[in-house]
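Could you walk me through this structure, one region at a time? I would like to see how its parts fit together.

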Amino acid sequence: MTSDPAFSPDLTETIARARGDLRMGVPVVLRAPERAALVMAAETLTEARLAAARGLARPVDLALTGRRATTLRARAYDGDIARVALPPDADLGWVQALADPADDLARPMKGPLETRREGSAELHRLALTLAKSARLLPAALVVPLGENAPPGGLTTLDAGLAAPHLSRLAPLEHVISARVPLKHAERARLHIFRPEDGSEEHYAVEIGKPDRDKPVLSRLHSACFTGDLLGSLKCDCGPQLNAALAQMGAEGEGVLLYLNQEGRGIGLANKMRAYALQDQGFDTVEANHRLGFEDDERDFRLGAQILARLGFGAVRLLTNNPAKIARMEGEGIVVTERVALKVGETRFNHHYLETKAKKSGHLL
């Protein structure tokens with residue numbers, strides 16, 4: 001039977017498949033001109049697959065971000081990433097100890113670590129981008145395949161096409177909207193937006209019937225399961241969400257964008273890892289860096305795209321974060337006013353808020 005190409009996955013669909021594979025612990029193959037590599041996420045790696053990788057008789061690297069390499073005192077010759085050579089006696093515990101900082105204080109000596117400086121880091125960099133986009137720890141085993149044929153049935157990505165595709169913002173489809181009366185605003189409507197790349201859906205809560213020709217009171221609110229739903233006192237997210245909706249309800253109109261970018265874009269599991277590090281004495285920025293992430297991994301272009309899709313070109317932005325203003329304006333959304341939103345400080349989050357002001361530039 002001849003295969004119909006119409007049924008084959010396109011690049012967007014293949015990348016989504018690769019993310020799912022890495023989350024399940026299944027390797028993927030990355031290809032570039034004259035080279036290819038087998039990639040496995042360190043977080044979901046198994047002893048059996050580590051042994052199989054060694055059986056390929058090729059040098060095995062553990063790709064780490066420059067942030068994580070700094071913590072481990074490993075030289076990152078490629079700047080933003082480090083290619084750590086896997087020692088002959090390294091087991092699964094060794095790999096995961098380098099990927100996850102949970103025991104860094106208990107076992108600080110993890111080296112000396114040999115890092116590579118020759119050759120291309122292109123596939124290693126893409127491997128880390130994929131791991132991040134899958135909401136996994138940014139650490140991956142990379143095994144050059146050389147003349148070896150890749151194992152059958154694995155998802156394969158063309159690195160030259162996939163890398164720029166991953167940096168672009170996936171178009172959002174407006175799926176549906178419906179009236180949802182809220183405690184703070186009975187005249188509310190919930191809009192659902194679905195990215196074409198298969199990632200998390202995002203939402204817009206429209207209060208009243210805002211005039212599209214005037215600046216609308218708006219907030220870009222990143223999902224916070226612990227703060228929004230559980231009432232956590234470690235952050236100010238829940239109070240900010242409710243205060244924003246209350247102000248929009250009082251004014252009779254507004255748009256709250258609820259973006260599924262938990263933990264500043266690192267996912268709930270990694271956010272809990274960051275919380276555990278905070279319990280060890282690190283602040284929120286230091287915890288992210290030790291995990292291998294940047295201060296903030298969120299993409300606020302999502303908010304601009306949703307506002308444009310809803311027909312808004314100007315906003316009065318409820319925020320304490322200048323980065324949101326800069327991103328909105330950079331994407332063509334005019335910010336006519338910054339509306340301060342200072343609520344929710346507790347004895348549990350005072351240091352967290354202080355760190356956001358000192359290190360992330362929040363206006364608190």
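Leucine 98 makes a good starting point: leaving out residues up to four places away in sequence, it touches Leu62, Leu64, Arg68, Leu72, Val84, Lys110 and Leu113. Keep in mind as you look around that this is a predicted model. Leu98 is also one of the residues with the most contacts inside the largest nonpolar core, alongside Leu62, Leu86, Trp94 and Leu141. That core has 29 residues. At least two of them come from each of β2, α2 (47–54), β3 (61–65), α3 (66–72), β4 (81–85), α4 (92–99) and β5 (139–144). The element that gives the most is α4, with five residues. Another core, of 25 residues, lies apart from this one, and Leu22, Leu128, Ala134 and Leu136 are among its members.

Let us turn to the strands, beginning with β1. Strand β1 covers residues 28–32, and four of these five residues are buried, so the strand is largely enclosed by the rest of the structure. Which strands does β1 pair with? One partner is β2 (residues 35–41), joined to β1 in the antiparallel sense over five bridges. The other pairing to follow is with β6 (residues 156–158), which runs in the parallel sense over three bridges. Leucine 30 is a handy residue for seeing both pairings: its bridge partner in β2 is alanine 37, and its bridge partner in β6 is leucine 157.

The turn between β1 and β2 deserves a look too. Two residues lie between the strands of this hairpin, and glutamate 34 takes a positive phi near 70° there. Alanine 32 stands opposite arginine 35 in β2.

From here, follow β2 onwards. This strand is mostly covered, with six of its seven residues buried. Besides its pairing with β1, β2 pairs with β5 in the antiparallel sense over five bridges. Alanine 41 is a place to find that pairing, as it stands opposite alanine 140 in β5.

Next, pick out threonine 71, which sits in helix α3. Is threonine 71 buried or exposed? Its relative accessibility is 19%, and because the cut-off for buried is under 20%, it counts as buried. Setting aside neighbours within four places in sequence, threonine 71 is in contact with Asp104, His289 and Arg290. Proline 108 is 37 residues from threonine 71 in sequence, yet the two C-alpha atoms are 9.7 Å apart in space.

Finally, consider a pair of helices, α5 (residues 122–133) and α6 (residues 159–167). They pack at an angle of about 45°, and their axes are 11 Å apart. With that angle, α5 and α6 are therefore oblique to each other. The crossing of α5 past α6 is left-handed. Which residues of α5 and α6 meet? On the α5 side they are Glu122, Leu123, Leu126, Thr129, Leu130 and Ser133, and on the α6 side Ala159, Gly160, Ala162, Ala163 and Leu166.

How values were computed. Residues are numbered from 1 along each chain as its sequence is written. This is a predicted model: local features need pLDDT of at least 70, side-chain atom pairs count only at pLDDT 80 or more; totals for chains, interfaces and linings use all residues. Side-chain values use heavy atoms; hydrogens and water are left out. Buried means under 20% relative accessible area, exposed over 50%, partly exposed in between (1.4 Å probe, protein chains only). Helices (H or I, at least four residues) and strands (E, at least two) are DSSP runs, numbered from the N terminus. Two strands pair if DSSP finds at least two bridges between them. A nonpolar core is a set of buried Ala, Val, Leu, Ile, Met, Phe, Trp, Tyr and Cys residues joined through side-chain atoms within 4.5 Å. Contact means heavy atoms within 4.5 Å. Axes are lines fitted to C-alpha atoms, for helices over the stretch in contact, and angles run from 0 to 180 degrees between N-to-C directions. Angles under 35 degrees count as roughly parallel, over 145 as roughly antiparallel, 65 to 115 as roughly perpendicular and the rest as oblique. A crossing is left-handed if the near helix is turned anticlockwise from the far one by less than a right angle, and right-handed if clockwise.
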